Amino acid sequence: MKLDWNHWSLDLLGGCFGIAIALGLVRFDFGIVGSLMAEAQWIAVEDIGKLAAINMFGYLAGCIQQAYMKSREASIRSIRFAIIVIIVSIIMEGQFSNLTGQTILRLLSGWGAAHIVSGLPTFALEQIPNQWRRQATGLMMCGGGIGSLLGAVAIGLFSPTSAPTAWNILAILTIILSLPTLKLVIRNKQFKENVAATTKGSEQDYERLKTNKKSNLLIPIIIMGFALMQVGQIPAILYEPLVAIKKTGLTPMMSSSVDSLFGVGLIVGGLIPAVVSDKLTTRIFLPLISSVGLLGVILLGFSENVYMLSASIFLIGVWDMMTGTLTIDRLGQLCNEDAQRRAWAIATSIGALGFIIFSAATAQLSRHNLDLILILGITAVTAQFALEWIQYSLSAKQQSQLTTD
């Protein structure tokens, strides 16, 4: 049987691995390597938060740039270049033991990750049949968990104490995962073919678009809910190793093993929307999963042993990935593809800005006031929980009005 190299499943694989690089290896695994860099006295402990903020400055710039790209060809070119920039920056980060070099490279890798996260999903999903969109989105977003898990496990096994070797491991993983992604963006697909593939079920799309005028308030609420999730996850992404060592007394190797549960949670969080029936609507799914995230950050804040810490990291991973997946899907229900892409870019931009402000503001607290950071994270997720319930209540009210009209 001959393999169809143009089949949409290979596009989905390229999208999944691209997300694995951008979210898993570039962002989520930095907390592990950052702690190793601090132990090796490359940087101070406070610099972990600063470098994460710098990375998000680059991420914010890339998201804004991608949002304003109206040319399909320009967007594809930027994603190709972003992959190359990420590979080079990760290789070089293992060579620079000073804050200045790390700052520049973290900025560049954040810029590259943004172009992949905000631009690649459109190309990876455009050939997916309509009835498989939510499932495909979930499977693609699993990439964040795959990358995070691969990085955490590989570092724990082969380099639990060496920062240079840890960066080299991430570089090797990045190169391998980039191959299907480069195949996706290098292949020159005709836009008219993509339009034909995504306009099936046009009557359903028309009915959806008729309700858009009544959904203007929902979109900013959903965007802000996603942004608050980005802020609320910071204690787990950046400071979990510190929580593990200071509050539960784990060794660095054990901390890396616990951190790998975040990747497992990300994978599960991507799979759940892909396997759960559409009868459980996305609008109610969002507040339900935000309650899981709230439980996770509360457990993190009050962790006293490895079991509580492990459960919190896993739940936060599930919540993180499900929120991103469901946000993309919910925006697609409320607006057309072009508006969805812009709304998603705005959501990632605001989330990046919140990440920058929070991580920079808490950098000085990480050494002596870790508990305050954890409390602030709980506060952010509580606000997200409230917004997601408001989104659901307004949606239910609008649906009721449409039914009675």
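Visitor: Why is Lys50 called partly exposed?
Guide: In this predicted model, Lys50 has a relative accessible area of 37%. Partly exposed is the class between under 20% and over 50%, so Lys50 belongs there with its 37%.

Visitor: What makes the pair Asp47 and Lys50 a salt bridge?
Guide: The side chains of Asp47 and Lys50 meet at 3.8 Å, N to O. The cut-off is 4 Å between a side-chain nitrogen of Lys or Arg and a carboxyl oxygen of Asp or Glu, and the pair therefore qualifies. The partner, Asp47, has a relative accessible area of 10% and is buried.

Visitor: Why are Asp47 and Lys50 separated by about one helical turn?
Guide: Both residues lie in helix α3, which covers residues 46-67, and they are three residues apart. An α-helix has 3.6 residues a turn, so residues three or four places apart point the same way.

Visitor: How many salt bridges does the structure hold?
Guide: The structure holds two. Besides the pair in α3, Glu93 forms a salt bridge with Arg106, and their closest N and O atoms are 2.7 Å apart. This pair links distant parts of the chain, with Glu93 in helix α4 and Arg106 in helix α5 (residues 99-125), 13 residues apart.

Visitor: Are Glu93 and Arg106 buried or exposed?
Guide: Glu93 has 0% relative accessibility, and Arg106 has a relative accessible area of 1%. Buried requires a value under 20%, so Glu93 counts as buried, and so does Arg106.

Visitor: What makes up the nonpolar patch on the surface?
Guide: The patch is formed by Ile84, Val88, Ile91, Met92, Phe96 and Ile175, with about 460 Å² of accessible area together. Helix α4 (residues 72-93) gives the most to the patch, with four residues.

Visitor: How is it known that Ile91 is open enough for a patch residue?
Guide: Ile91, placed in helix α4, has 35% relative accessibility and counts as partly exposed. A patch residue needs over 30%, so Ile91 meets that condition with its 35%.

Visitor: Why is helix α2 described as largely enclosed by the rest of the structure?
Guide: Helix α2 spans residues 30-39, and nine of its 10 residues are buried, which is why that description applies. Among the buried residues are Phe30, Ile32, Val33, Leu36 and Met37. Just after α2, Gln41 takes a positive phi of about 65 degrees.

Visitor: Which residues have the most contacts inside the largest nonpolar core?
Guide: They are Met37, Tyr59, Ile116, Trp167 and Leu300, in a core of 109 residues. Leaving aside residues up to four places away in sequence, Ile116 touches Gly18, Ile19, Ala22, Ile79, Ala82, Ile83, Ile86 and Pro121.

Visitor: How many disulfides are counted?
Guide: The count comes to zero. For Cys16, the nearest cysteine sulfur is that of Cys142, 6.5 Å away. A disulfide requires sulfur atoms within 2.5 Å, so Cys16 is in no disulfide. Cys16 counts as buried at 9% relative accessibility, as does Cys335 at 6%.

Visitor: What is the class of His7 by relative accessibility?
Guide: His7 lies in the segment before α1 (8-28) and has 31% relative accessibility. That value falls between the limits of 20% and 50%, so His7 counts as partly exposed. His7 and Ile128 are 121 residues apart in sequence, yet 9.4 Å apart in space, C-alpha to C-alpha.

Key. Residues are numbered from 1 along each chain as its sequence is written. This is a predicted model: local features need pLDDT of at least 70, side-chain atom pairs count only at pLDDT 80 or more; totals for chains, interfaces and linings use all residues. Side-chain values use heavy atoms; hydrogens and water are left out. A nonpolar core is a set of buried Ala, Val, Leu, Ile, Met, Phe, Trp, Tyr and Cys residues joined through side-chain atoms within 4.5 Å. Buried means under 20% relative accessible area, exposed over 50%, partly exposed in between (1.4 Å probe, protein chains only). Contact means heavy atoms within 4.5 Å. Helices (H or I, at least four residues) and strands (E, at least two) are DSSP runs, numbered from the N terminus. Patches are made of residues with over 30% relative accessible area and no salt bridge: like charges are joined within 9 Å, nonpolar side chains (Val, Leu, Ile, Met, Phe, Trp, Tyr) within 5 Å. Accessible areas come from the Shrake-Rupley method with a 1.4 Å probe; for residues, only the protein chains shown count as cover.
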